[in-house]
Amino acid sequence: PPKAATLQVSQEMIFGDKKSLVPTSQASQGPITIEPLRIWLLKNHKKEGYVNIVADRKVSYGVIRLIIATCQDAGFGNVNLAVQPKS
């Protein structure tokens, strides 16, 4: 959705609208809520509860799961994950 917050996840960093939020390695170590991401979402993006996540295919599912849990904890119930199919 056009009014959604957008997260980009690389092997090194989690970005929110192209702003560095937290290193992926730090996020992977827990706890369940990634606090810098939650704060960013609450401050900047209460946009109808939608978040789009675009992630590098090499990022572990565990990290993606923590990001989704953080989005839900911040009140974003509609989380979309963009993936690129294998060719």
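**Exercise 1. Classify serine 10: is it buried or exposed?**

Solution.
Step 1. Serine 10 has a relative accessibility of 18%. The cut-off for buried is under 20%. Serine 10 therefore counts as buried. The model is a predicted one.
Step 2. Locate the residue. Serine 10 sits in the loop between E1 and E2.
Step 3. List its contacts, leaving out neighbours within four places in sequence. Serine 10 is in contact with Phe15, Thr24, Asp56 and Val59.

**Exercise 2. Describe the fold of the chain: how many helices and strands are there, and in what order do the elements run?**

Solution.
Step 1. Count the elements. The chain has three helices and five strands.
Step 2. Order them. From the N terminus on, the elements run β-β-β-α-α-β-α-β.
Step 3. Check the burial. Of the chain's 87 residues, 34% count as buried.
Step 4. Check the contact range. Take contacts between residues at least 6 apart in sequence; 66% of these join residues at least 24 apart.
Step 5. Add the surface. The chain exposes about 5,400 Å², and carbon and sulfur atoms supply 52% of that area.

**Exercise 3. Dissect the largest nonpolar core: which residues touch the most other members, and which elements supply at least two residues each?**

Solution.
Step 1. The largest nonpolar core has 21 residues. Leu7, Ile34, Leu37, Leu41, Val51 and Ile67 touch the most other members.
Step 2. Now assign the elements. At least two core residues each come from strand E1 (5–9), strand E3 (19–23), helix H2 (35–44), strand E4 (50–55) and helix H3 (61–73). H3 gives the largest share of this core, five residues.
Step 3. Zoom in on one member. Not counting residues up to four places away in sequence, valine 51 touches Ala4, Ala5, Leu7, Leu41, Cys71, Phe76, Asn78, Val79 and Asn80.

**Exercise 4. Analyse helix H3: which of its residues are buried, and what covers them?**

Solution.
Step 1. Test the geometry. At 1.5 Å a residue, the 13 residues of H3 should span 18 Å. The end C-alpha atoms of H3 are 18 Å apart, which agrees.
Step 2. Pick out the buried set. In H3, Val63, Ile64, Leu66, Ile67, Thr70 and Cys71 are buried.
Step 3. Look down the axis. The buried residues of H3 fall within an arc of 160 degrees, so they line one face of the helix.
Step 4. Turn to the other side of H3. There, Tyr61 and Arg65 are exposed.
Step 5. Find the cover. The elements over the buried residues of H3 include E1, strand E2 (13–16), helix H1 (24–27), H2, E4 and strand E5 (78–82).
Step 6. Follow the chain onward. Glycine 75 follows H3, and its phi is positive, near 95 degrees.

**Exercise 5. Map the salt bridges: how many does the structure hold, and which residues form the network?**

Solution.
Step 1. The structure holds two salt bridges.
Step 2. Take one pair. Arginine 38 and glutamate 35 meet through their side chains at 2.7 Å, N to O. Arginine 38 and glutamate 35 are three residues apart in helix H2, so about one helical turn separates them. An α-helix has 3.6 residues a turn, so residues three or four places apart point the same way.
Step 3. Take the other pair. The side chains of arginine 38 and aspartate 73 meet in a salt bridge at 3.9 Å, N to O. This pair links distant parts of the chain: arginine 38 belongs to helix H2 and aspartate 73 to helix H3, 35 residues apart.
Step 4. Join them. Glu35, Arg38 and Asp73 form a network of salt bridges.
Step 5. Check the accessibility of each partner. Arginine 38 is partly exposed, at 22% relative accessible area. Glutamate 35 is partly exposed, at 35%. Aspartate 73 is partly exposed, at 47%.

**Exercise 6. Place valine 54: in which strand does it lie, and which residues does it contact?**

Solution.
Step 1. Valine 54 lies in strand E4.
Step 2. At 40% relative accessibility, valine 54 counts as partly exposed.
Step 3. Neighbours within four places in sequence are left aside. Valine 54 is then in contact with Leu7, Gln8, Val9 and Ala82.
Step 4. Compare sequence and space. Valine 54 and isoleucine 64 are ten residues apart in sequence, and their C-alpha atoms are 9.9 Å apart.

How values were computed
Residues numbered from 1 in each chain as written. Predicted model: local features only at pLDDT ≥ 70, side-chain atom pairs only at ≥ 80, totals over all residues. Heavy atoms only, no water. Core = buried A, V, L, I, M, F, W, Y, C linked by side-chain atoms within 4.5 Å. Buried < 20%, exposed > 50% of the residue type's maximum accessible area, 1.4 Å probe, protein only. Helix = DSSP H or I, 4+ residues; strand = E, 2+ residues; numbered from the N terminus. Contact = heavy atoms within 4.5 Å. Salt bridge = Lys/Arg side-chain N within 4 Å of Asp/Glu carboxyl O. Expected span 1.5 Å × (residues − 1). Arc of directions from axis to C-beta. Areas by Shrake-Rupley, 256 points an atom, 1.4 Å probe, with all protein chains shown as cover.
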